[in-house]
Amino acid sequence: MNHSKLKIAVLGTRGFPHIQGGVEAHCENLYPQLVEKGCEVIVFTRKPYVDINITEYKGVTLIPLPCLKNKFLETFLHTFIGIFAAKKFSPDILHIHAIGPSLFIPLARLFGLKVVMTHHGPDYQRKKWGILAKGILKLGELAGSKWANDIITISQTIADHIHAKYKRSVTIIPNGVVLPAILPGNNTLRKYALAKEKYILAVGRFVPEKGFHDLIVAFNKLTTANPHLLTEKWKLVIVGRADHEDKYSLDLKNKASQSSNIILTGFLTGEPLWELYSHAGLFVLPSYYEGLPIVLLEAMSYGLSCIASDIPANREVWLESDRFFKPGDVDAIALKIQGFIQRSLNEEQRKIQINTIAEKYNWETIAEMTLDVYRGTL
């Protein structure tokens, strides 16, 4: 077999391009690289999230499948349907992302498919899930870890977990970033009345584990104690939205609406997001849970000064130890913001940070490592 012409089917992502989510960003960047390396790639997307008229993206075939837009059921129904759809294409490899969809890996193996699982993190640690959902996700992790032909994890922390719990060897292949162009434009800044390097930026879904509620409280505490920050036009900008509107996301919007200095932009992609990254004064990631945070890698690739919650996944990213704070501790977040808000990286520090991110989290290298896993599976 000519392994450079592998046919790869993909499940576990809502779809792409420009769909919110870490797995979505991962797939959007990985699979065009594999197409360039000679693979045929078919990605089964979820109809409610994608433009069904887009059937191809950078050489990747996109096939939308029906599913309910329901946070409890959509992943499982879509994957179940997707296994049957994938079987019809007779792929060399079925690549399943995340532990929820991995629940159906035994079914795929029963159909004779060779399966690679990418474990993006123990999703059952997310605060949004109840006892039943957490149990199902743990079962998905078990099914994938026991039945997948090969396992990829995006971090050392996840790899250690899989080895300790299931005695499986894994390949660690991290998320990546595309090195950005720093945008000089002001359109997005003008839209939200922002001054360059006078706003704190955070990016992510409106779910409890992202910790944006803590960030809002910390920002309000900080500006109450230091009113000069508001006279200097400092603002807090949070980019993102909820996939499924719920009490948490509505409460978050309500909290933000009580201050004219807190801006929720909704989900942004392309130039509006790049512009916000290009000119932020500080990037904050206050999450309780991450697999390997693409948004933090993106912020660092812009040469931004960054602070983050002290959790294992964030610790794996190249960041100085004094830039971490205890998750959920709003006083600690406020103190870190106060400490770093006037400490932009100098030009040498920016270059070192950007070069480190570019070398360690390069999508072309990540694609080659993934292809090596495929070849080893066959």
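Modeller: Let's settle one term before we dig in: a residue is buried under 20% relative accessible area, exposed over 50%, and partly exposed in between. Also keep in mind that this is a predicted model.

Biologist: Fine. What relative accessible area does Lys221 have, and which class does that put it in?

Modeller: The partly exposed class runs from the 20% limit for buried to the 50% limit for exposed. Lys221 falls in that range, so it counts as partly exposed, with a relative accessible area of 40%.

Biologist: Which residue does Lys221 form a salt bridge with?

Modeller: The closest N and O atoms of the pair are 3.1 Å apart, and the cut-off for a salt bridge is 4 Å. That distance is inside the limit, so the pair qualifies. The partner is Asp331.

Biologist: How many residues apart are Lys221 and Asp331?

Modeller: The salt bridge joins Lys221 to Asp331. Lys221 belongs to helix H7 (residues 212-225) and Asp331 to helix H13 (residues 330-340), so the pair links distant parts of the chain. At 42% relative accessibility, Asp331 is partly exposed. Along the chain, the separation is 110 residues.

Biologist: Now the pair Glu320 and Arg323. Which of the two is buried?

Modeller: These two form a salt bridge, with their closest N and O atoms 3.3 Å apart. Glu320 has 38% relative accessibility, so it counts as partly exposed. The other partner has 5%, which puts it under the 20% limit, and that buried residue is Arg323.

Biologist: Asp372 and Arg375 are paired as well. Which helix holds both?

Modeller: Their salt bridge has its closest N and O atoms 3.4 Å apart. Asp372 and Arg375 sit three residues apart, about one turn of the helix. In general, an α-helix has 3.6 residues a turn, so residues three or four places apart point the same way. The helix that holds both is H15 (residues 363-377).

Biologist: What relative accessible area does Arg375 have?

Modeller: Its partner Asp372 is partly exposed at 44%. Arg375 also lies between the two limits, so it is partly exposed too, with a relative accessible area of 29%.

Biologist: Let's zoom out. How far apart are the C-alpha centres of domain 1 and domain 2?

Modeller: Domain 1 is made of 7-176 + 362-377, while domain 2 covers 187-359. Their contact takes 31 residues from domain 1 and 22 residues from domain 2. From centre to centre, the spacing is 28 Å.

Biologist: Which residues of domain 1 lose the most area to domain 2?

Modeller: About 2100 Å² is buried between the two domains, and carbon and sulfur atoms give 53% of that. Three residues together account for 33% of what the domain 1 side buries: Gln20, Arg126 and Lys127.

Biologist: How many salt bridges does the rule find across the interface of domain 1 and domain 2?

Modeller: The structure as a whole holds 18 salt bridges. Across this interface, the count is two.

Biologist: Which residue forms a salt bridge with Glu24?

Modeller: The closest N and O atoms of that pair are 3.6 Å apart, and the limit is 4 Å. The partner of Glu24 is Arg205.

Biologist: Which residues form the nonpolar surface patch of about 360 Å²?

Modeller: One of its members, Phe72, lies in the loop between strand S4 (60-65) and helix H2 (74-89). Phe72 has 42% relative accessibility, so it is partly exposed, and patch members need over 30%. The full set is Leu68, Phe72, Leu73 and Leu77.

Biologist: Last topic, the backbone. Which two residues does a cis peptide bond join?

Modeller: Omega is about 10 degrees at that bond. The proline involved lies in the loop between strand S1 (7-11) and helix H1 (22-36). The pair is Phe16 and Pro17.

Biologist: And what phi does Ser90 have?

Modeller: Ser90 sits in the loop between H2 and strand S5 (93-97). Its relative accessible area is 52%, so it counts as exposed. Although Ser90 is not a glycine, its phi is positive, about 50 degrees.

Key
Residues numbered from 1 in each chain as written. Predicted model: local features only at pLDDT ≥ 70, side-chain atom pairs only at ≥ 80, totals over all residues. Heavy atoms only, no water. Patch = residues over 30% accessible without salt bridge, like charges linked within 9 Å, V, L, I, M, F, W, Y side chains within 5 Å. Areas by Shrake-Rupley, 256 points an atom, 1.4 Å probe, with all protein chains shown as cover. Salt bridge = Lys/Arg side-chain N within 4 Å of Asp/Glu carboxyl O. Helix = DSSP H or I, 4+ residues; strand = E, 2+ residues; numbered from the N terminus. Buried < 20%, exposed > 50% of the residue type's maximum accessible area, 1.4 Å probe, protein only. Domains from an automatic or database assignment. Contact = heavy atoms within 4.5 Å. Buried area = accessible area lost by both parts, 1.4 Å probe.
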